[in-house]
2 protein chains.
Amino acid sequence: MELWPKRHTDIWFTENQSPDMKLSLRVDKILLNKTTDFQDIFVAETREYGRIMALDGAIQVTDKDEFCYHEMMAHIPICAHPDPRRILIVGGGDGGVLRECLKHQFIKEAVLVDIDKEVVQASIDFFPAISKGMKDPRAKVLNMDALGFIREHTNEFDIVIVDSTDPVDFAAGLFQSPFYTDVYNSLKPEGLMIAQTESPFAEAKLLRQAYSEMKKVFPLVSLCWGAMPTYPTGFWTYTIGSKEFDPAQTRHPAPEDCKYYSSKLHLNSFVLPPFLENLLEL
Amino acid sequence: MELWPKRHTDIWFTENQSPDMKLSLRVDKILLNKTTDFQDIFVAETREYGRIMALDGAIQVTDKDEFCYHEMMAHIPICAHPDPRRILIVGGGDGGVLRECLKHQFIKEAVLVDIDKEVVQASIDFFPAISKGMKDPRAKVLNMDALGFIREHTNEFDIVIVDSTDPVDFAAGLFQSPFYTDVYNSLKPEGLMIAQTESPFAEAKLLRQAYSEMKKVFPLVSLCWGAMPTYPTGFWTYTIGSKEFDPAQTRHPAPEDCKYYSSKLHLNSFVLPPFLENLLEL
């Protein structure tokens, strides 16, 4: 006869996705939990999504769904650009976007500038499949403030990928037109940029702001969207600023091993549900 | 000087989306919390998604995102069918799918069969904007076991929409071929069915099962997908079984006031990310 139900150790990681919404994942093992000069880093094994990394409590990558986000961030701008060779990645210290960029043999150099070297190290230590692109001779990983870096580089890059955290603290400037102007100046005449711009369900105001700020700077601005389960609401947007070329067209094939991205998905991701067109007043 | 931080009442609704994943929403007010003959019904005001209804702890509808799911479930089959007039909705007691169906003037009758009359009543009481289709003279709402109902109706419907809860308890049979055979028999020769078939991230096995079970019965089976923030992972699938017509084509325009669905989205939703094609061995 059971007098008391069998109990067991129950560990949960909880992300406060907003003040009013939380996502919790069961944790089997905590691998890293520390505060760097810039942020909290948390790495754990979870039952639902495999290994995860959170920065300041917000999930950045998980083994199970990282491909959705990283493939979109890399292949949308690369496949839209007529002849991309040099790429700058702002943030993205986990290396997932870098790995995807380097799948294209015509990419000659990819410079990753992440302010926090401990994020880069955590990814090397705990996410070998995500960080592996850092070993590629075409990769250059710098740990410094990307806003400073970009102001010192003019007319150098074909593509700039802004793989930032949410716009708080040191990342706040990444959603504003002075930064977009610096990005514009760092790009060559055919260049284009892409930035993650949050969810229209959870952060409609922020998305509208990024979109309208980018329009002050780039002649062509478009939005595309995709699924990303562990980001708030699972519906993610990407905003592209382009000097000359329509980013909704593909000019190169998808790498063969993609799991989310394909040339058809590329075109389709620029077709927005009506509520999102209305939100942007398109 | 503050000796103790100001505190306040904190109420959260938590859905156990899986044994290892939970979504929590801040609750301002609980409007209904009861157990019927069939399930628990919970209705509350939440800060993030407005009013929500959960059955057995699983969110079914929220004010803010219900349109994503209801528009797909209704307009995909209706716009794909050459001449739809009579529709059967299995489950869907909230009335959201019914409302969308009746936006098309050429629909002459929509029969909704939900086993639980208290779900229907809760929707009438608390979700007037979702349940309003029930007042339409073309709507017929029945509270009985849909599995029994469908076996007694042969060659009667143009479209059957299976708006079920997760396949547990009384809904378990809704993901198996004997049920799909009954649906097939209830359909006219040009008929087609659509069923919600969960998320490939959270319930890959169940999705594969529904897909392969439907293929045993229907000559044409296709999958489409869409965003649905409050369902687990936010990435939702819909499986369509058709007797004759390719459901990936549209034969009628979208209703004017759609927020998620459009004719372009219809076509695009059948283009699957490679990981999902692989999962289904397409």
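How many residues does each chain bring to the contact between chain A and chain B? Select both sides and count: chain A gives 30 residues and chain B gives 30 residues. Keep in mind throughout that this is a predicted model. Its scores are ipTM 0.95 and pTM 0.96, and chain A has a mean pLDDT of 96, with 99% of its residues at 70 or more.

**Stop 1: the face of chain A towards chain B**

Stay on the chain A side of that contact. Colour β2, α8 (263–269) and α9 (274–279) of chain A, the elements that each give two or more residues to this side. β2(A) is the top contributor, with six residues. Now recolour the side by residue class: you should get 14 nonpolar, seven polar and nine charged residues.

Next, select β2(A) together with β2 (residues 21–35) of chain B. These two strands run antiparallel and are joined by five bridges. For a handhold on the pairing, label M21(A) and look across to L25(B) in β2(B), which stands opposite.

**Stop 2: two domains in chain A**

Hide chain B for a while. Chain A splits into domain 1, residues 12–62, and domain 2, residues 66–279. Put a marker at each C-alpha centre and the domain 1 and domain 2 markers of chain A will be 22 Å apart. Where the domains touch, 19 residues come from domain 1 of chain A and 17 residues from domain 2 of chain A.

Which strands build the domain 1 side of that contact in chain A? Select β1 (12–18), β2 (21–35), β3 (40–46), β4 (50–55) and β5 (58–62) of chain A: each supplies at least two residues to the side that touches domain 2 of chain A. β5(A) has the largest share there, with five residues. By class, this side of domain 1 of chain A holds 12 nonpolar residues, six polar ones and one charged one.

While you are here, click on D56(A), in the loop between β4 and β5 of chain A. D56(A) has a positive phi of about 45 degrees, although it is not a glycine. Is D56(A) buried, exposed or partly exposed? It has 17 other C-beta atoms within 10 Å, so D56(A) is partly exposed.

**Stop 3: the seven-stranded sheet of chain A**

Switch to cartoon and bring up the open sheet of chain A. Reading across, its seven strands come in the order β8-β7-β6-β9-β10-β12-β11, with mixed pairing. β8 (139–142) and β11 (220–227) of chain A are at the edges; each has a single partner strand, so one side of each lacks a neighbour in the sheet. From one strand to the next, the twist averages 15 degrees.

Zoom in on the β8 edge. β7 (residues 109–113) of chain A pairs with β8(A) in the parallel sense, over four bridges. Label V111(A) here, and K140(A) in β8(A) is the residue standing opposite.

Then swing over to helix α7 (residues 204–215) of chain A. This helix lies across β10 (187–196), β11 and β12 (235–242) of chain A, and runs at about 10 degrees to β12(A).

One more click in chain A: N155(A), in the loop between α5 (146–151) and β9 (157–163) of chain A. Phi of N155(A) is also positive, near 55 degrees, in a residue other than glycine. N155(A) has 10 C-beta neighbours inside 10 Å and therefore counts as exposed.

**Stop 4: over to chain B**

Bring chain B back and find its open sheet. Seven strands run in the order β8-β7-β6-β9-β10-β12-β11 (chain B), and the pairing is mixed. The edge strands are β8 (139–142) and β11 (220–227) of chain B, each pairing on one side only. β7 (residues 109–113) of chain B pairs in parallel with β8(B) over four bridges; a good pair to label is V113(B) and its bridge partner in β8(B), L142(B). Helix α7 (residues 204–215) of chain B lies across β10 (187–196), β11 and β12 (235–242) of chain B, at about 10 degrees to β12(B).

**Last stop: C68(B)**

Finish in helix α1 (residues 66–80) of chain B, where you will find C68(B). Is C68(B) buried or exposed? There are 24 C-beta neighbours inside 10 Å, so C68(B) counts as buried. Leaving aside residues up to four places away in sequence, C68(B) touches G226(B), A227(B), M228(B) and Y260(B). For a final distance, pick C68(B) and Y261(B): they sit 193 residues apart in sequence, yet 7.5 Å apart in space, C-alpha to C-alpha.

Conventions
Residues numbered from 1 in each chain as written. Chains lettered and ligands numbered in written order. Predicted model: local features only at pLDDT ≥ 70, side-chain atom pairs only at ≥ 80, totals over all residues. Domains from an automatic or database assignment. Contact = placed C-beta atoms within 7 Å. Nonpolar A, V, L, I, M, F, W, Y, C, P; charged D, E, K, R; others polar. Pairing = 2+ DSSP bridges. Axes fitted to C-alpha atoms, helices over the stretch in contact; angles between N-to-C directions. pLDDT = per-residue confidence, 0-100. Buried ≥ 20, exposed ≤ 12 C-beta atoms within 10 Å, placed from the backbone.
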